[in-house]
There are 2 protein chains.
Amino acid sequence: MTASSRMSPLFTDLYELKMAQAYLAEEMHAPATFSLFVRSLPPERNFLLAAGLDPLLDWLEDLRFNEEDIAFLDSLESFSQRYLDSLRDFRFEGDVWAMPEGTPFFAEEPLIEVVAPPAQAQLVETLVMNQVHSATVLASKAARIVLAAEGRAVVDFGARRIHGTDAGLKSARAYHIAGVAATSNVLAGRLYGVPLSGTMAHSYVQAHDDEMDAFRAFTREFPETILLVDTYDTLSGVRKVIALARELGEDFRVRGVRLDSGDLATLSFETRRLLDEAGLGSVEIFASGGLDDVSIRDLVRRGCPIDGFGVGTSMGVSADSPRLDMAYKLTAYAGSGRMKLSSGKRSLPGRKQVFREERGGRAVADRIARAEESRPGRPLLRRVLSGGRRLEETREGIGAARERARREIAALPESLRSLEPADPGYEVGLSPALRDHLDEVAERVRKQQI
Amino acid sequence: MTASSRMSPLFTDLYELKMAQAYLAEEMHAPATFSLFVRSLPPERNFLLAAGLDPLLDWLEDLRFNEEDIAFLDSLESFSQRYLDSLRDFRFEGDVWAMPEGTPFFAEEPLIEVVAPPAQAQLVETLVMNQVHSATVLASKAARIVLAAEGRAVVDFGARRIHGTDAGLKSARAYHIAGVAATSNVLAGRLYGVPLSGTMAHSYVQAHDDEMDAFRAFTREFPETILLVDTYDTLSGVRKVIALARELGEDFRVRGVRLDSGDLATLSFETRRLLDEAGLGSVEIFASGGLDDVSIRDLVRRGCPIDGFGVGTSMGVSADSPRLDMAYKLTAYAGSGRMKLSSGKRSLPGRKQVFREERGGRAVADRIARAEESRPGRPLLRRVLSGGRRLEETREGIGAARERARREIAALPESLRSLEPADPGYEVGLSPALRDHLDEVAERVRKQQI
């Protein structure tokens, strides 16, 4: 289990392989363009935050069928020998353009565009969507929680209730890009370099006959720890921390206390008062226990003396909005724009670019244009894979993506950074050239097909 | 990437390792009991379906720290050399009792109980919860969708929007246990033996200049396929399938058509009529596109001629209820019952058993009892790991778990099998002996701690 362990190309939908066999039989190997985008923002999100790209690109670069994979496909008695043989040489050789991680984006904007023979571009659809959808859902949720905390540290406690180990690991990375300070997940720390944080659990206190003994024993091992004080009664727990400070004198180096249940607002004020009266003004207060963006905002607005928040499940499953209407659609094949006409499901033809227009350091509008256009504003997509190989100059650490997110979220209009739905939302338009192309392709397809 | 590839023990919360070091320093190696349970059912669920156990047990059996793991922990400058050295010999040696997969269960019932030295039982907390929570969330959602479909096939299309690859794979397994017929995820088929299903995508149709050419080419490769007919206009798509039947004559073996957009009810009736008029009564109709339990129930109740449903995102993220209030709590240490007193968070002390009382083939009530009690009804928990090793007689294939789920869900009271909240819900009580033990432990803890 390492960051670079390979993913099997069988993490795909069966139909991708069937279509690939048909493309092979028909000799359809001309370049296809697929766009990954979100059809509309959920009402709970004023912007989305791009995440999930870097680990995905490593996987795409290394996709290989092994003999077990091929033998399994053979056992399905669905595939031709010619197709199965071709899989031994399969490589993903596409070009990929993408918004860098940490970029805020909006409905209909291409987040990733893949140009490859259709069999290759389709095979990776499931993996591309799976990785970018979940990381983006989770980063976008985390961005709200970080905004709500107004500068106080947010720590990720989500690993235990997030859906599976892959999301458990990559969420920590996505959260850190979105501004979360640290994670409790040790493996995520090892794989992705996310700072780690962790204190003690109720069970540790309970396993001791006396809460005070538990605090004494734990601080002997970890003098600068944060002590969990609510196992039995929060304020008695705080008084025991104060008693420990008197016992230890100058050796007392406890960094803080954690409140994990009850009325966190009231308890934080009373805890602060008890600590301050005991001369422990430097002992910080951390809060956790079912927190979410709205409850954190409320605690902050009430001026509660809380120095940091631990957030688990609501961030881990993005409880208010666990999915995005994300699609990966064919937009061109063999040089001609493509679209479907299914009701309510528009896709923008061809390869595209997004230009972000800024005035006085503030983002004011985005314009989606055809890829070859040059327009005012900053282009958001850049090429990250060429012929299936990573372009080294676009490789970056999560620190760079985190700094981008910080800068670009700060540059969004104020109303978008609120937890309330922004009305009007951010302006996203199409360039005249893209609009013309859209009309022309729609007209051609309508004539041809119906 | 195989079903049995190892999981690193660093998939844990940092505090588990810190507590483990403290337990080592304090020589606290007596057996601890931890219970995994759900505090309360979400309003959208009348029962939960246990899932996720088998792959978890394989991981627990094989947990080992490698030198890279230990070197990483050393680099944190938090851990003692004695503790780091002890990790080289770490094995999970606990006893584990569990409800078998496919068992319906309710609030407060122990789903899994772990008895092990506290350092071991805590280290696995994150992994146990992560795996059982997500599989149970997803199986419980799938059970509702299968009930709504009233015998029609449900196929899992969720891989692309589910959170990460691990959930993407194990969901298919959990869904199949819950009664879902097949998955589109090829790797899940290979790893877990779940039947596979997959047809064609819009992109394939779009890549061809003509929809009819796409149908012709695809059926040459896969004569018994299901054709996707809504890329441009659903009923023209159906007419092309009919034209293809005329072209191919006796060679026409297309199994069905798939509708993926628009008013599925109306379109299904019109499609059926067109197919029947053309003498294609055996061509089936499959529906997909944003379906969920409620919309499937409505289509079924309206008598729509739909033979099967493809369900993706709403099942993949359990959109109406993506998390459970699941907890893993210390309930005994060194032979004495333990509990915390934090407000609103009761846990039942000691090791326990759940007895399901049945009358005339119907489940009527569950009773949670102390482990050593013998009571009327069928005990639901059984030992699955002994000294960290799997008990071979409790190993079972997903077929057995699927059959159990079918049988036990059918035996639930009628009101619980509806999508509406059951009122009253299922009766779950405590045995008198457990109630006495609860009172006694609460009283002792209250006296000792406050």
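Here is a walk through how two chains meet and how one strand sits inside its chain. This is a predicted model, where local features need pLDDT of at least 70, side-chain atom pairs count only at pLDDT 80 or more, and totals for chains, interfaces and linings use all residues. Residues are numbered from 1 along each chain as its sequence is written, while chains are lettered from A and ligands numbered from 1 in the order in which they are written.

Let's start where the chains touch. Chain A brings 89 residues to the contact and chain B brings 90 residues; two residues are in contact if their C-beta atoms, placed from the backbone, lie within 7 Å. On chain A's side, the top contributor is helix α1 (residues 14-25), with eight residues. Helices (H or I, at least four residues) and strands (E, at least two) are DSSP runs, numbered from the N terminus.

Now for the symmetry. A turn of 180° and a shift of 0.0 Å along the axis lay chain A on chain B with an RMSD of 0.0 Å, using least squares on the C-alpha atoms of residues with pLDDT of at least 70 in both. That's the relation of a two-fold axis. In chain A, the C-alpha of A:Asp166 is nearest the axis, 2.6 Å from it.

Finally, look at strand β1 (residues 32-38) of chain B. Seven of its seven residues are buried, so the strand is largely enclosed by the rest of the structure. Buried means that 20 or more other C-beta atoms lie within 10 Å of a residue's own (exposed is 12 or fewer, partly exposed in between), with C-beta atoms placed from the backbone.
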